[in-house]
Amino acid sequence: MKIYGLLLIAIIPLWIGVSCASTPATSDYKFAIEAARKGLWKEALFRWKTALEKNPDNAKLHNNLAVAYENEGEYDLALEEYRIARRLDPDNYHIKDNYDSFLRFYQKLNPEKGEKETEKPPPDRTIQ
Amino acid sequence: MKNNITKRLSKGWFCLILGLVGIGCGGAAHLVTIQHPMKERIPPGKYKSILVAGFLAKEEEKLNLNFETVKYLRTELRKNTPYKVTEEKPIDIPPARIEELPYDTDFWKSLAIQAEAELIMWGRVNYTVEPTAELKEVRYRHPTTGRILTATQLVDMTNFKMELDIYFSDGSSGELVYRDKYSQIIPYKGRQSADLTTFFALMNRILPSILGVLIPQETTEARYILSD
């Protein structure tokens, strides 16, 4: 009992720290989400870019930036951001879903690039 | 025994707290809609007038598909694009020549001269009705108890399918400028026959894609944005 109690006390702060370590602790992030939900995409784009400067390895931020680029018609930039997001967090269902939907659209838009834009397996994984 | 129960309880609380902390820091996904600006496929300003020439179609019992498709597209092009839409009697596309016709430059040149059109739209339309059945959940009131119950039932459906191959030929050179394929399915409950109402419903769904060849369009898509 005592062991579990001690473990709880030790692990909870550690867990919070680890889980939330990648959080861009800025108001930019939340503000951008709200802006995007209200259709203010230019504002959201600017905020996410700012947040990314502080957290360049945040997959969710790269995903959000890609969505904003899509809305602006900057499809090549969107593709680049989706790829970074996928590389940083290959198991994230929502990022994968966005990326797959975008690829379908992108390949229709640029049929000549269709062969090149097929999805690669996530890094550090081998196909059996 | 008591010690075992205390240990299990502690383990339970431990897992619950870890789970809650995990959820708290896991973030949320918000589904948003975005607009995809789409450029027109045919360069703007290159052509001023268009002739919707005709469509190869299997004759339906009630519908003259060639006539209806031509009439519908002419009306919509007039309403939605800056092109001058030329009026001519719809031509009959010979089924035997459908494969070679896109490359028969002389044919399209002569038609363009006759109709005084700079761009010619033509193609093939296929409108099919397929009876099908789907398993669906239905709610009903039990005759004795009066309770609302849910049951799975085989429901008769009809799939109305429209397939449209569209070609755009240059009036001055007769060469093929652009081609695309479109298809839509609308399932209806019950057995029904092909009629104009469903034809228009299907065409209305395909229309934005066709207009997108001639004028800039926006398509709506759903995406997830993620918060920490």
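Trainee: What share of the residues of chain B count as buried?
Mentor: Keep in mind that this is a predicted model. A residue counts as buried if 20 or more other C-beta atoms lie within 10 Å of its own. Of the 228 residues in chain B, the share that passes is 22%.

Trainee: In what order do the elements of chain B run?
Mentor: Start with the inventory: chain B has 4 helices and 7 strands. Now walk along from the N terminus, writing α for a helix and β for a strand. You get α-β-β-α-β-α-β-β-β-α-β.

Trainee: How much of the contact in chain B comes from residues 24 or more positions apart?
Mentor: Here we take the contacts in chain B with a separation of 6 or more. Among those, the share from residues 24 or more positions apart is 75%.

Trainee: Which strands stand at the edges of the open sheet in chain B?
Mentor: Look at the order of the 5 strands, E3-E2-E4-E5-E6, in a sheet with mixed pairing. An edge strand has a single partner strand, so one side of it is left without a neighbour in the sheet. That description fits E3 (84-86) and E6 (176-189) of chain B.

Trainee: And what is the average twist from one strand to the next?
Mentor: Follow the sheet of chain B along its order, E3-E2-E4-E5-E6. From one strand to the next, the twist averages 30 degrees.

Trainee: Is strand E2(B) largely enclosed or largely open?
Mentor: Check its partners before its burial. E2(B) is joined to E3(B) by 3 bridges, running parallel, and it pairs with E4(B) in the parallel sense over 7 bridges. Burial settles the matter: 8 of the 9 residues of E2(B) are buried, so the strand is largely enclosed.

Trainee: Which residue in E4(B) is the bridge partner of Leu51(B)?
Mentor: Let's use the other pairing as a warm-up: Ile50(B) has Val85(B) in E3(B) as its bridge partner. Now turn to E4(B), which pairs with E2(B) in the parallel sense. There, the bridge partner of Leu51(B) is Ile120(B).

Trainee: Do E5(B) and E6(B) run parallel or antiparallel?
Mentor: Strand E5 of chain B covers residues 148-170, and 13 bridges join it to E6(B). One of the bridges pairs Leu164(B) with Tyr182(B) of E6(B). The direction of the two strands is antiparallel.

Trainee: What angle does helix H3 of chain B make with E4(B)?
Mentor: H3 (residues 105-115) packs on the sheet, touching E2, E3, E4 and E5 of chain B. Compare its direction with that of E4(B), and the angle is about 95 degrees.

Trainee: Which strands does helix H4 of chain B touch?
Mentor: This helix, residues 196-214, packs on the sheet as well. Its direction makes about 150 degrees with that of E6(B). The strands touched are E4, E5 and E6 of chain B.

Trainee: Does Glu116(B) count as buried or exposed?
Mentor: First find it: Glu116(B) lies in the loop between H3 and E4 of chain B. Its backbone has a positive phi of about 55 degrees, although it is not a glycine. Most residues other than glycine have a negative phi. For burial, count the C-beta neighbours inside 10 Å: there are 12, so Glu116(B) counts as exposed.

Trainee: Over in chain A, are H4(A) and H6(A) roughly parallel or roughly antiparallel?
Mentor: The axes of H4 (residues 59-72) and H6 (residues 93-109) of chain A come within 11 Å and cross at roughly 30 degrees. Angles under 35 degrees count as roughly parallel. The two helices, H4(A) and H6(A), are therefore roughly parallel.

Trainee: How do H2(A) and H3(A) run relative to each other?
Mentor: For H2 (residues 27-37) and H3 (residues 41-54) of chain A, the axes come within 8 Å and cross at roughly 160 degrees. Angles over 145 count as roughly antiparallel. So H2(A) is, relative to H3(A), roughly antiparallel.

Trainee: How many nonpolar residues are in the contact of H5(A) with H6(A)?
Mentor: H5 (residues 75-88) of chain A packs with H6(A) at about 150 degrees, the axes 10 Å apart. Tyr75(A) and Leu79(A) are among the H5(A) residues, and Phe102(A) is one of those in H6(A). By class there are 1 polar and 2 charged residues, and the nonpolar ones number 10.

Methods:
Residues are numbered from 1 along each chain as its sequence is written. Chains are lettered from A and ligands numbered from 1 in the order in which they are written. This is a predicted model: local features need pLDDT of at least 70, side-chain atom pairs count only at pLDDT 80 or more; totals for chains, interfaces and linings use all residues. Axes are lines fitted to C-alpha atoms, for helices over the stretch in contact, and angles run from 0 to 180 degrees between N-to-C directions. Angles under 35 degrees count as roughly parallel, over 145 as roughly antiparallel, 65 to 115 as roughly perpendicular and the rest as oblique. Two strands pair if DSSP finds at least two bridges between them. Two residues are in contact if their C-beta atoms, placed from the backbone, lie within 7 Å. Ala, Val, Leu, Ile, Met, Phe, Trp, Tyr, Cys and Pro count as nonpolar, Asp, Glu, Lys and Arg as charged, and the others, Gly among them, as polar.
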